[in-house]
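Hi there,

Here is the structure you asked about, ready for you to open. My notes on what turned up follow below.

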Amino acid sequence: MSESAASRNSDGWEKTACVLCSVNCGLEVKVEGRRITRVRGNKDHVASHGYACEKAQRIDHYQSGKDRLDSPMRRRPDGSFEKIDWDTAIAEVAARLMRVRDEFGGASIFYYGGGGQGNHLCGAYSTATRRALGAVYASNALAQEKTGEFWVEGRLTGGRPSPDFEHAEVAVFVGKNPWQSHGFQSARPTLRKLSADPNRALIVIDPRRTETAELADYHLQVRPGTDAFCLSALLAVMVQEDLIAHEFLREHASGGADLFDVLRQVPIADYCSRAGLSETLGREVARRIARASSVSVLEDLGIEMAPHSTLNSYLEKLLFCITGNFGRKGAMNLHTGMGKLVGDVTKDRRSPVGGHRIIGGMIPCNVIPDEILTDHPKRFRAMIIESANPLHSLADSQRMREAIDSLDTVVAIDVAMTESARHAHYVLPASSQYEKWEATFFSSEFPNNYFHLRAPIIEPMPGTLPEAEIHRRLVRAMGALKDEDLAPLHAAAAKGRSEYAMAFLQATSSNPALGTLTPIVLYETLGPTLGKGNEVAAIMWGAAQNSAMTYPEAIRRAGFSGDGPALGNALFDALFNSRDGVTFSVDDYEETWRRVKTPDQRIHLDIPELIEELKSLANEKPETDSQFPFILMAGERRSSTANTVIRDPAWRAKDRGGALRMSPADAQSLGIASGGRVRITTRRGSAEAVVEVTDRLQPGHVSLPNGGGLEYPDAEGHTVINGVPPNELTASDHRDWLAGTPFHKHVPARLEALG
Ligand code: SF4
């Protein structure tokens, strides 16, 4: 156990967090041996205050998965794997990646992943390996979900607005079911409060009658794939009935003339009918939003992975922009951050082969095979896959397998032998999220923002290493760091953090190459001063210093004192020493306006590319295909799903096979009942699934859970596939024209009853 972490037990309960969704609720757990045997919400946690949903009870299925790896693995020519020692693995991986770099350039080495719902420190440390190799192209799962939204936000305000559902009079969820997918702290109690208050309103736009929709005051149960029609009809009501916030727009917005011209022409009754809604309901909801004293809005995969993905995000954000719900309590605000998950979204960068738009530093996931399966000289030749499973999670698994199998070198860094690791040349086993220091950079709360740096609560599984140490060894094996460059930093670290801060600034400004390897420099020089086993936490010193430089006032309002590096040091000390998370910033609402990054610090309402698409809705014909009459939602979040973090199907109390849900009317017409089997066929593939009949879905709309179809050893040790892997059914060219986000929630399909 690490030196400081060992002292942090209280009454046998250890403090940590849930790693199954982006909220990362604080937990207290009991550990026996290497297992987590009891779990409860941590009442002292600064953000979650004891809240945890039922999923947290099952995290030991992640910690104690049967397919966890305990040795580096090397693939033999016949596809089987052999165990090798760490020294051999690091030397061979470094040599192979350097050979690719020297022959084809560092840009030919593609990095995918960098963390999931609970672990982002691996991605942060990986930047050193990537820089040492000159690997400049990367992506991760956000590029099949949120990049369209990021791009829109970049154009509108240059920042990422957060909702404030605690104080909002009206809460709007678009393609989102927070009851199951959460997305903000204490989602279920917050939804219940909203629902119970007659002076507030909960509005849900979703084709399914979700648990959230059941609590809603207004449920706009749109036809699948018609969100853009619904959202433009709502905006058109606001414009045509003159419900927009004129004074706010005069003071805070630029443009809008082109947008409002188009919205004035929208035939509201027609668009409502196209979306399967009554015009009366559409008008009532638009008026409720426009007249509220405060509105917060949150979108999610339901519209991001559906037709008009980026346009949907634009229209969703216009709901709060044109009603003036920005920069005040209960509305949308721009928050602080402890680190950056996303690069500059306003930069126009393109992928090397296809020239696809790279948003926030991420290549669209759906085009990755196109950047490999080509004879283009700039194609990717090698790939590092870290804490990610693209062969399962990205569209068109068949094509993704073909692409990855064609690469010169593939290295996977993960805790388990995933579907992607099975296709790697080398697999480097990482310690679990409970065996090392970890954190995520998801926190985006306003006005108070939080960060939770978690200490290890279990000794690392023998044979595994924290990713930080894996990257340190790779960087060293590549000869990218010299001991003599680090000597002054070691000396300064021994004197204290103030001396270290000065020495660090001096070393990285006089030797910029050292600055590019900052995570490993911190790990090697500051890390040892934190105590044995705590070196991984050193990277947070850099993050704390950055935050202190970027948001000094907000950090001081949170109770930290000092200027410059002293403020960063105070923040780091708090992060390192608190096991309940830290309130690291406190904002006032005016701060939001100072964070708007458009040149005139105003909201820019017109996005010409998307206004053109908005216009084109008028001529869009409803999509019908008699060959594929159903719409499959490939990857629904349910109470029994957690992406692929947990691989053991036994973690699901029910729905172990991951049923295909369908409406009673469809079940009747197919002559099938719950428990029966169907064949589901799309343009790309075919699979068999067990059926669950539910009146939550409309006729013609069926759904499969996300995270199904993972390979896992059965009781005899034979690998079995459990459920349907959704991406065997999806196609990589079925995607948004602008951001490349896939239409996983809208896959045309046909069904055949098997009995
Ligand atoms: S799944 Fe999400 S909401 Fe549920 S306990 Fe874990 S982090 Fe909290």
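**A parallel sheet and a few unusual backbone spots**

Val170 stands opposite Ala201 of strand S10. Keep in mind that this is a predicted model. The pair belongs to a parallel match between strand S9 (residues 170–174) and strand S10 (residues 201–205), which runs over five bridges.

These two strands are part of an open sheet of four, ordered S11-S10-S9-S13, with parallel pairing. At its edges are S11 (218–220) and S13 (295–299); each has a single partner strand, so one side of each has no neighbour in the sheet. On average, neighbouring strands are turned by 10° against each other, direction ignored.

Two helices are worth a look here. Helix H6 (residues 187–196) lies across S9 and S10, at about 115° to S10. Helix H12 (residues 279–291) also packs on the sheet, where it touches S9, S10, S11 and S13, and its direction makes about 125° with that of S11.

Now for the backbone. Most residues other than glycine have a negative phi, and most peptide bonds are trans. Three places to check against that:

- His308 has a positive phi, near 65°. It sits in the loop between helix H13 (301–304) and helix H14 (309–321). Is His308 buried or exposed? Its relative accessible area is 11%, under the 20% cut-off, so His308 counts as buried.
- Asp655 also has a positive phi, near 55°, and lies in the loop between strand S23 (630–636) and strand S24 (660–662).
- The peptide bond from Phe446 to Pro447 is cis, with omega near 5°. Pro447 is in the loop between strand S19 (426–429) and strand S20 (448–451).

Happy browsing!

How values were computed. Residues are numbered from 1 along each chain as its sequence is written. This is a predicted model: local features need pLDDT of at least 70, side-chain atom pairs count only at pLDDT 80 or more; totals for chains, interfaces and linings use all residues. Side-chain values use heavy atoms; hydrogens and water are left out. Two strands pair if DSSP finds at least two bridges between them. Axes are lines fitted to C-alpha atoms, for helices over the stretch in contact, and angles run from 0 to 180 degrees between N-to-C directions. Contact means heavy atoms within 4.5 Å. Buried means under 20% relative accessible area, exposed over 50%, partly exposed in between (1.4 Å probe, protein chains only).
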